[in-house]
Amino acid sequence: MPEKSLTPDEKLQQEFNRWAAAGEGEKMESHHLDITAKTIRLMNLRAGERILDLGCGSGWATRLLARLVGEGPEGFGQVVGLDVADEMIRVARAASRDFENVLYVCGSAMQIPWEENFFDKVLSVESFYYYPDQDRALMELFRVMAPRGRLFILINLYKDNQYSLQWVDKLKVPVHVRSEAEYIELLKKHAFENVEAQRIPDDTPTPDDYQTKSFHRLDDLRAFKRVGALLLMASKPDLRTPAPGYTIY
Ligand SMILES: C[S@@+](CC[C@H](N)C(=O)[O-])C[C@H]1O[C@@H](n2cnc3c(N)ncnc32)[C@H](O)[C@@H]1O
């Protein structure tokens with residue numbers, strides 16, 4: 001029998017379920033913590049805010065966010081972690097049982113299963129370049145973000161960090177490789193405002209005996225960290241996206 005061909009999201013789900021089964025979800029915390037912690041500081045989070053962690057993986061960053069927006073004078077903040085890989089969501093849920101203000105949802109960035117105008121802030125760590133249709137993902141983000149909501153997309157694989165390009169052939173799913181300037185154009189095209197980019201170096205030391213399969217040499221890994229991740233920041237304008245219209249016959 002011919003094998004059923006998979007949709008792009010199903011391919012991503014299959015690949016990242018494999019990562020989850022191999023324990024890669026939790027390992028990513030040590031790779032991404034430094035740049036994520038710096039980004040979270042820039043997010044200026046407040047108790048009571050509603051946050052989306054897009055492509056949340058094993059949920060370690062979701063939990064960091066949840067601690068920062070928990071109960072406060074302005075109410076009980078909540079964080080939604082969304083990921084296309086159900087095995088990642090299972091790992092995230094199992095590690096988050098003590099959190100009352102976290103919800104993990106399995107779904108695609110290109111069809112975010114959430115209502116319009118909801119999230120005050122969105123964080124996406126090392127996920128955006130996997131989305132087969134980045135235009136569609138940005139339309140969805142615009143829709144679910146609150147008026148004046150803030151978007152923070154952190155990307156380690158981009159043209160201006162030449163060292164990151166060493167991974168492209170090693171990945172088993174297709175990725176986008178864009179430059180900072182191209183990403184800025186893309187965000188502006190989707191009507192985001194205050195679009196800006198910043199480099200976030202990874203200041204963690206790389207020991208001489210560190211084993212890497214992603215880089216040809218340890219010095220390339222060190223240079224990659226020095227150049228840093230690309231942080232894209234943008235705001236939704238002060239407008240509400242209309243709810244979808246339904247016709248009742
Ligand atoms: C490199 S991992 C990063 C995970 C997490 N943010 C972290 O830093 O540990 C990329 C994540 O993006 C998720 N992902 C990839 N494509 C997606 C899509 N179309 N919609 C939602 N999540 C997606 C993957 O399942 C995976 O968990």
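Trainee: Which residues come nearest to the ligand?

Mentor: In this predicted model, 21 residues surround the ligand, and His32, Gly55, Trp60, Asp83 and Ser127 come nearest. A residue joins that group if one of its heavy atoms lies within 4 Å of the molecule.

Trainee: What makes the pair between Gly55 and the ligand a polar contact?

Mentor: Good one to work through! The cut-off for two N or O atoms is 3.5 Å. A polar backbone atom of Gly55 is 2.7 Å from a nitrogen atom of the ligand, so the pair counts as a polar contact. Try the same test on Val125: one of its backbone N or O atoms lies 2.9 Å from a ligand nitrogen, so that pair passes too. With Asp9 a side-chain atom takes part, at 3.2 Å from a nitrogen atom of the ligand, and therefore this is also a polar contact.

Trainee: How much of the ligand does the protein bury?

Mentor: Taken alone, the ligand exposes 590 Å², and the protein buries 99% of that.

Trainee: Which helix gives the most to the shell around the ligand?

Mentor: That is H1, with four residues. Helix H1 (8-21) and helix H2 (24-43) each supply at least two.

Trainee: What kinds of residues make up the shell around the ligand?

Mentor: There are 12 nonpolar, six polar and three charged residues.

Trainee: Why is Phe224 of helix H7 called buried?

Mentor: The word needs a relative accessible area under 20%. Phe224 is listed among the buried residues of H7 (residues 218-227), so its value falls under that limit. Others in that list include Leu218, Asp220 and Lys225.

Conventions:
Residues are numbered from 1 along each chain as its sequence is written. This is a predicted model: local features need pLDDT of at least 70, side-chain atom pairs count only at pLDDT 80 or more; totals for chains, interfaces and linings use all residues. Side-chain values use heavy atoms; hydrogens and water are left out. A polar contact is a pair of N or O atoms within 3.5 Å; within protein, one must be able to donate a hydrogen and the other to accept it, and residues adjacent in sequence count only if both atoms are side-chain atoms. Accessible areas come from the Shrake-Rupley method with a 1.4 Å probe; for residues, only the protein chains shown count as cover. Ala, Val, Leu, Ile, Met, Phe, Trp, Tyr, Cys and Pro count as nonpolar, Asp, Glu, Lys and Arg as charged, and the others, Gly among them, as polar. Buried means under 20% relative accessible area, exposed over 50%, partly exposed in between (1.4 Å probe, protein chains only).
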